[in-house]
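I opened my notebook to look up a few places in this model. My notes follow in the order I took them.

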Amino acid sequence: MHTINTTGSQDPIDPNPNLDPDQFPHRNHNHPQSRRPRGFAVAAAAASMNPVESDVIAGIGGGETSSGGGGGGGGKGKREREKEKERTKLRERHRRAITSRILAGLRQYGNFPLPARADMNDVIAALAREAGWSVDADGTTYRQSHQTNHVIQFPTRSIESPLSSSTLKNCAKAALDCQQHPVLRIDENLSPVSLDSVVIAESDHPGNGRYAGASPIASVGCVEANQLIQDVRSTEPRNDFTESFYVPVYAMLPVGTIDNFGQLVDPEGVRQELSYMKSLNVDGVVIDCWWGIVEGWNPQKYVWSGYRELFNLIRDFKLKLQVVMAFHEYGGNASGNVMISLPQWVLEIGKDNSDIFFTDREGRRSFECLNWSIDKERVLHGRTGIEVYFDFMRSFRSEFEDLFVEGLISAVEIGLGASGELKYPSFSERMGWIYPGVGEFQCYDKYSQTSLLKEAKSRGFAFWGKGPENAGQYNSQPHETGFFQERGDYDSYYGRFFLNWYSQSLIAHAENVLCLANLAFEETKIIVKIPAIYWSYKTASHAAELTGGYYNPSNRDGYSLVFEALKKYSVTVKFVCPGPQMSSNEHEEALADPEGLSWQVINAAWDKGLLIGGENAITCFDREGCMRLIEMAKPRNNPDSNHFSFFTYRQPSPLVQGSTCFADLDHFIKRMHGDIQR
C-alpha cells in the first residue's frame, strides 16, 4: 500500500495528538486559555523563559509574525521577526512538498489525469468526478440526474435508529480533533467504484502494530456509527469482498516489436494488436526496452526513435504503459527466432576480459547478463557496471519525461539478472541445462573469486575462498552430489559461509542498482521480478534455489531476507507464477512443489509490507489453470484481504492472431477486474 502524507496545513503540529484528556485531569482541554500561544504571546512567553524553553515554544508557535514591541528591544524584535520568516518559509516548503507528493501519488497510483501545475481545486474536482459527481468549469458540483433515484439497500437497522446527524457531526469532529496528522493511503488496486476502500486512514488500519493507536472514531459519541458500520460489514460475504478487488491486467507486447536497429517493425500490426487489447478491456501494455538495441553499437549513444513511435501509438489508445529496463540477452533459451544480445561494444570488451561475464566451474562464460562482481569495477570503457545501468535509465527518463508527467508510464521494471529476474544465470539451456537439473554456481570468474577469498580471509579461513567442488553439474540431481544431498556440505560451516556470501552478492547487486533506479525514476513505481525456482523444493537443500542465488533450504527462510532489502527501496515485487506445464508424476520425479514455493514467496512479500504482482511463466492455460492463477492473485479467506496489485500476461505471439493458448483470456480479465465473481 502506498502512503501519502496529506498534512498540508500550516498550523503547528501537536506533539501529542493522541493523549487521552482523562489521563491529565489538571489540564483544562476545553478552556480557550489552554491553546498554545501565538504571535505576540509567543514572544512574551519566551521572554520569561530560559533559552532552551524559548526555542521550544518558538518552534511550535503559531503562524502570525511577531513584531518588535511586547517588552523586547528593537534588535530583539527584529531577530524574532527574522526567525518567524524562516519558520514560515519552512512551513511553506513543507506544505509544497506534501502537495507535490499527493499529486504524484494520485497521478501514479490513482490514474487521475491531473494537469502538470494542478492545485487543490483540481484534486477535489478529480476526486468528486471519480466518486460519480459532475463538476462544471465554474466549480458547480452536482449528481447526475440518472443517479439521483438510485438507492443502495444496506442490510442495517431500521430508520428509527437513533443515529442522528448530530451524532455523525460529533463523530467527524472527534476524528479531526484526534487526528491532526493524518496519513492517507490510496490503494491503486481497488476498483474505481469501491470508493469506501480507496482512501483509508492509517490509524484505523487493523492488524498492524504501527497503527495501534486509538481510532479517532472510538469516542462515545461515535459508538453508534461504529455499530452501524459493523452491522453492515457483518452481513458481507468475505469471499465476495475479496473477489471484488480490481486487479489491473497488462498484456506484454511480443519481443521483436522493435528490431535490432531500434525501429518499429510493423506499426499497422501493432495498432491492430492494441485495438484488440483495448476490446478485451486490458488496462495497459508492457514493453521491453532492450539495452542491447538502444545502446547496441556505441557506448552512451542511445537510439530511442522506434520506442517513441511505439509509445505514441499506445497513447492514442489511452492504455497505461509499464516499461522494462532489459539489461539481459534474449534468445539463449526457447525464444523462437528472435535474438537480442548484449551491446556489441560490451561483447568486444568481453573478448579481452571475459571475466566481465558469469563463469561456471568448468570456466564456461554466460553471456546472458553482466557479472555482478563488476558493479563497482571500471572495466567498461572507464565506467562501472552500475554506472552503465544508471546512464541508460537516466537517458530513458530524459527522453520520455513528457510521458512520465502525463502519467502514461505507470511503472518501470528493472532487470536485475538472467531473463530480467533477480537470479544468477544458473539454468542456461545454452550450457546444456535441462529441467530439473540443479544448475551450477556462477562464481568462478576472477572478480568473484577475489571477493570470496577476501571474505574468507576476514573470517580467518582463507582455504574457504573458493567455490564448492562437489556440487555436481547442470543436470545433476541433489542426491547425486556431496554438496546438495541429505546432510550434505551445504549445511556444513563452509557451506553456510559460501551460500551466505553467494546470496549476499545477489542482494548487494539489487541494492546497488535500485538505489540508482530510485534516483532516475523518482516518484515512479519500481518493479523487481522474482523467479519461480520450484524444482528440488521438496529436498532439504532446495538445491536449484541455492545455485540460483536464494539461500532458502528447508531450515532457513531466504526470501524474507531478500524482501527485507527490497523494502528499503519501496519496490513492487513481480512473481513469475508457475503453471501446470508438468504432470503430477513429473513434478514428483523432480521433487517440485510449485504451490509450496508460490505460497512462501507471495506471503513473505506481504509479510514485509511489499506490494506484489504476477506474471505467467507459461502462455497456454485451460480453465483449471486460469482458476489457479485467479486463486493465487486473489486468495480466498486471506485474513488481511491481500491480493495482487497487477498481473502481466505474457504471450510470444500477438493476441490479435487469435491464438488458442489462453482461450479464457477474456473471462480471466473479467475475473481479475472483479466483474465476474464465481
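I began with Glu-421 and asked whether this residue is buried or exposed. In this predicted model, Glu-421 has a relative accessible area of 9%. The cut-off for buried is under 20%, so Glu-421 counts as buried.

Next I looked up where Glu-421 sits. I found Glu-421 in the loop between β11 (409–414) and α15 (446–458). I then listed its contacts, leaving aside neighbours within four places in sequence. Glu-421 touches Leu-416, Lys-529, Pro-531 and Val-576.

I checked the UniProt record too. The unreviewed entry places the feature "active site" at Glu-421 and Glu-615. How far do they spread in sequence, and what is the largest C-alpha distance? They are spread over 195 residues of sequence, yet they cluster in space. The largest C-alpha distance is 11.6 Å.

I turned to Glu-615. This residue belongs to strand β14, which covers residues 611–616. Its relative accessibility is 3%. That value is under 20%, so Glu-615 is buried.

Which residues does Glu-615 contact, apart from its neighbours within four places in sequence? I noted Lys-529, Lys-574, Phe-575, Val-576 and Cys-577 among them. Phe-647, Thr-648 and Arg-650 are also on the list. I marked Lys-529 and Val-576, because I had written both names down for Glu-421 and wrote them again for Glu-615.My next stop was Lys-634. This residue lies in the loop between α21 (623–633) and β15 (647–649). At 3% relative accessibility, Lys-634 is buried. I asked what its side chain reaches. A polar atom of that side chain lies 2.8 Å from the backbone oxygen of Arg-671. The Lys-634 side chain also reaches the backbone oxygen of Met-672, at 3.0 Å.

Last, I looked at a pair of helices. Two packed helices are described by the angle between their axes and the distance between the axes. I looked up both values for α9 (residues 267–279) and α11 (residues 305–316). The angle is about 30 degrees, and the axes are 10 Å apart. Is the crossing of α9 and α11 left-handed or right-handed? I wrote down right-handed.

Then I listed who meets whom. From α9 come Pro-267, Val-270, Arg-271 and Leu-274. They meet Glu-309, Leu-310, Leu-313, Ile-314 and Asp-316 of α11. By class, this contact of α9 with α11 has six nonpolar and three charged residues, and no polar ones.

Notes:
Residues are numbered from 1 along each chain as its sequence is written. This is a predicted model: local features need pLDDT of at least 70, side-chain atom pairs count only at pLDDT 80 or more; totals for chains, interfaces and linings use all residues. Side-chain values use heavy atoms; hydrogens and water are left out. UniProt positions are given in the numbering used here, feature names are shortened, and annotations may be inferred rather than shown by experiment. Helices (H or I, at least four residues) and strands (E, at least two) are DSSP runs, numbered from the N terminus. Buried means under 20% relative accessible area, exposed over 50%, partly exposed in between (1.4 Å probe, protein chains only). Contact means heavy atoms within 4.5 Å. A polar contact is a pair of N or O atoms within 3.5 Å; within protein, one must be able to donate a hydrogen and the other to accept it, and residues adjacent in sequence count only if both atoms are side-chain atoms. Axes are lines fitted to C-alpha atoms, for helices over the stretch in contact, and angles run from 0 to 180 degrees between N-to-C directions. A crossing is left-handed if the near helix is turned anticlockwise from the far one by less than a right angle, and right-handed if clockwise. Ala, Val, Leu, Ile, Met, Phe, Trp, Tyr, Cys and Pro count as nonpolar, Asp, Glu, Lys and Arg as charged, and the others, Gly among them, as polar.
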